[in-house]
Amino acid sequence: KTARLDVAEVCLSKMGNATGARAVLQAKEREPEKDAHIAMVAIQLGLLEDAERLYVRCGRYDLLNKMYQASGQWEKAVEVAQKKDRIHLKVTHHLWARHLEAAV
């Protein structure tokens with residue numbers, strides 16, 4: 001809630017979530033938007049609705065699409081790709097199909 005990324009990284013590592021702390025660090029290195037960094041913290045804490053709001057606010061529909069894919073919300077991923085992230089539409093359909101094939 002306070003958007004203190006330095007504190008979030010320490011908290012994640014103290015909680016034993018080294019993978020989460022690393023994901024936040026990588027987001028800070030790769031993404032220029034601070035909201036995208038905060039969204040990654042929210043994802044690591046299981047706050048997907050907050051992450052969704054943050055990605056929409058900073059216009060990172062590509063990351064929103066990836067978040068939906070990773071959380072198994074394929075219908076939402078395809079919807080975002082169709083409306084806001086057209087460049088990843090074909091890939092999203094392909095990954096969803098692979099996911100469905102693996103489930104059989």
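**Exercise 1.** How close do the axes of helix H1 and helix H3 come, and at what angle do they cross? Work out what that makes of their relative direction.

*Solution.* Keep in mind that this is a predicted model.
- Step 1: pick the stretches, residues 5-14 for H1 and residues 34-44 for H3.
- Step 2: get the geometry. The two axes come within 11 Å and cross at roughly 25 degrees.
- Step 3: classify it. Angles under 35 degrees count as roughly parallel, so H1 is roughly parallel to H3.
- Step 4: add the hand, which is left-handed for the crossing of H1 and H3.
- Step 5: list who touches whom. H1 brings Leu5, Ala8 and Leu12, while H3 brings His37, Ile38, Val41 and Gln44.
- Step 6: sort that contact by class, and you get five nonpolar residues, two polar ones and no charged ones.

**Exercise 2.** Find the largest nonpolar core and say which element gives the most to it.

*Solution.*
- Step 1: count the members of the core, and you land on 23 residues.
- Step 2: look for the hubs. Met40, Tyr55, Leu64, Met67 and Tyr68 have the most contacts inside the core.
- Step 3: map it onto elements. H1, H2 (18-30), H3, H4 (48-58), H5 (61-70) and H6 (74-83) each give two or more residues, and H3 gives the most, with six.
- Step 4: zoom in on Met40. Skipping neighbours within four places in sequence, Met40 is in contact with Ala23, Val24, Ala27 and Tyr55.

**Exercise 3.** Is Glu29 buried or exposed?

*Solution.*
- Step 1: place Glu29, which lies in helix H2.
- Step 2: check its relative accessible area, 61%. Exposed means over 50%, so Glu29 is exposed.

Technical notes: Residues are numbered from 1 along each chain as its sequence is written. This is a predicted model: local features need pLDDT of at least 70, side-chain atom pairs count only at pLDDT 80 or more; totals for chains, interfaces and linings use all residues. Side-chain values use heavy atoms; hydrogens and water are left out. Axes are lines fitted to C-alpha atoms, for helices over the stretch in contact, and angles run from 0 to 180 degrees between N-to-C directions. Helices (H or I, at least four residues) and strands (E, at least two) are DSSP runs, numbered from the N terminus. Angles under 35 degrees count as roughly parallel, over 145 as roughly antiparallel, 65 to 115 as roughly perpendicular and the rest as oblique. A crossing is left-handed if the near helix is turned anticlockwise from the far one by less than a right angle, and right-handed if clockwise. Contact means heavy atoms within 4.5 Å. Ala, Val, Leu, Ile, Met, Phe, Trp, Tyr, Cys and Pro count as nonpolar, Asp, Glu, Lys and Arg as charged, and the others, Gly among them, as polar. A nonpolar core is a set of buried Ala, Val, Leu, Ile, Met, Phe, Trp, Tyr and Cys residues joined through side-chain atoms within 4.5 Å. Buried means under 20% relative accessible area, exposed over 50%, partly exposed in between (1.4 Å probe, protein chains only).
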